[in-house]
Amino acid sequence: MSSLLVDNIGELVTNGVGEGPLGIRRKAAVLIEEGRVAWVGPAAYAPAADRRIDAGGAAVLPGFVDSHAHLVFAGDRAAEFAARMAGERYTGGGIRTTVGATRAATDDELRATVRRLRGEALRQGTTTIEIKSGYGLNVADEARSLRIATETSSETTFLGAHVVPPEYADRPDDYVGLVCGPMLAAAAPYAKWIDVFCERGAFDVDHARAILACGQAAGLGVRLHANQLGPGPGVQLGVELGAASVDHCTHLSDADIDALAGTAHSDGSGTSTVATLLPGAEFSTRSPYPDARRLLDAGVTVALATDCNPGSSYTSSMPFCIALAVREMRMTPAEALWAATAGGARALRRDDVGVLIPGARADLVVLDAPSYLHLAYRPGVPLIHQVIRNGVPQ
Ligand SMILES: [Zn+2]
């Protein structure tokens, strides 16, 4: 059994036992065996190991958990972005542009895009990433999108209900029937989760409830895109169905916040439905940001994710999202880092990632900085010095 010691860590964020909400330890070391964290403690007492990485007094964090990304697509929408920055409003209609390009792409073209973006995310410290379908929108293309996604991640999500495709524009009920019937049957073997874009112009609450219920009956966990472009019933539908996460949460009523807070676990460990905030989308659509402070103050568990997609948020950078969350959403640097690591893990109902405690998966990020604070303090700067995933230096 080969072991690896990450030694001489100036500031270790564990999200476990230690100083403050991030469980920080100073002058620490982490022993890794067989892809897992085997020991965490003071560097002065570090056990011997076969190999050693000297962190040089820098900060070490759990790898980022990006719980919301759309990586299976073809083409880009740079021109749409430019038009938006010149004053056009975002409506979600451009999704259909990507659907056309995705259907026309070969498997290898889609696979190359997923791998490129996965590599890009990994270099920026993301060690767990959720991947959605949603640009195929027919039986064959949704199933192949998910099949390709499973080559890269075990956190795959069936999003056949992203928008109603053009060929069903006049008969959305028939499309919902297709999603719940043959499309779900073809997608379910490759999916852990089901998701719906519950929004005006996409799927209304009755359609969303029907689709998510079918997914649950097929054994998939529930998450959904809710309350992004305006107020709506999505968040409360998510709570009703026991969703792991409701994502976007940009336009929330007091009743929405109360519903989320009402899913709190009795042991004080947060809410069972997580509010996942995606500030890259507000940045890229020049829209008002969600009010993270209001959620946090109500005791709601908050995650941060990229929403990486070619239309409304073409970034794979969790450090960028952390910086936005701190600057624009009134999160403290500690809250933002927790949300981007342990919060993302909660949104995926995982307890083996997002933390650096014995038994956890050995996913570590060594920063080129003395403290995690630099992620927001030095925005846009490449601070990821080294990434270790499953105990393997990348
Ligand atoms: Zn999304």
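What spacing do the donors of the zinc ion follow along the chain? Let me begin there, with the reminder that everything I describe comes from a predicted model. Reading along the chain, the donors of the zinc ion follow the spacing H-x1-H-x154-H-x81-D. The residues behind that pattern are H68, H70 and H225, each of which coordinates the zinc ion through NE2, together with D307, which does so through OD, and the distances run from 2.1 to 2.3 Å. When we look at the angles among the four donor atoms, we find values of 84 to 168°, and the site is classed as irregular. Four donors would count as tetrahedral only if all angles lay between 85 and 135 degrees, and the range of 84 to 168° at the zinc ion does not meet that.

It also helps to see where two of these donors sit, since H70 belongs to the loop between β6 (64–66) and α1 (78–85), while D307 belongs to the loop between β14 (302–304) and α11 (318–328), so the pair ties together parts that are 237 residues apart in sequence.

From D307 we can move on to α11 and its packing against helix α12, residues 333–347, where the angle is about 140° and the axes are 9 Å apart. That angle makes α11 oblique to α12, and their crossing is right-handed. On the α11 side the contact involves M318, I322, A325 and V326, which meet P333, A336, L337 and A340 of α12. Sorted by class, this contact of α11 with α12 has eight nonpolar residues, with no polar and no charged ones.

Now please turn to helix α4, residues 139–150, which packs with helix α5, residues 172–187, at an angle of about 40°, their axes being 8 Å apart. The two helices, α4 and α5, are therefore oblique to each other, and α4 passes α5 in a right-handed crossing. Here V139, E142, A143 and L146 from α4 meet L178, P182, M183, A186 and A187 from α5. The classes in this contact of α4 with α5 are eight nonpolar, no polar and one charged.

The helix α4 has a further partner to show you, helix α3, residues 107–123, and the axes of α3 and α4 come within 10 Å and cross at roughly 45°. As a result of that angle, α3 and α4 are oblique to each other, and their crossing is right-handed. What meets what in this contact of α3 with α4? In α3 we have D107, L110, R111 and V114, and in α4 they meet R144, R147 and I148. The residues of the contact of α3 with α4 divide into three nonpolar, no polar and four charged.

How values were computed
Residues numbered from 1 in each chain as written. Predicted model: local features only at pLDDT ≥ 70, side-chain atom pairs only at ≥ 80, totals over all residues. Heavy atoms only, no water. Axes fitted to C-alpha atoms, helices over the stretch in contact; angles between N-to-C directions. Helix = DSSP H or I, 4+ residues; strand = E, 2+ residues; numbered from the N terminus. Parallel < 35°, antiparallel > 145°, perpendicular 65-115°, else oblique. Left-handed = near helix turned anticlockwise from the far one by under 90°. Contact = heavy atoms within 4.5 Å. Nonpolar A, V, L, I, M, F, W, Y, C, P; charged D, E, K, R; others polar. Donors = N, O, S within 2.8 Å, 3.2 Å for Na, K, Ca; no water. Tetrahedral: all angles 85-135°; square planar, octahedral: opposite > 155°, others 65-115°.
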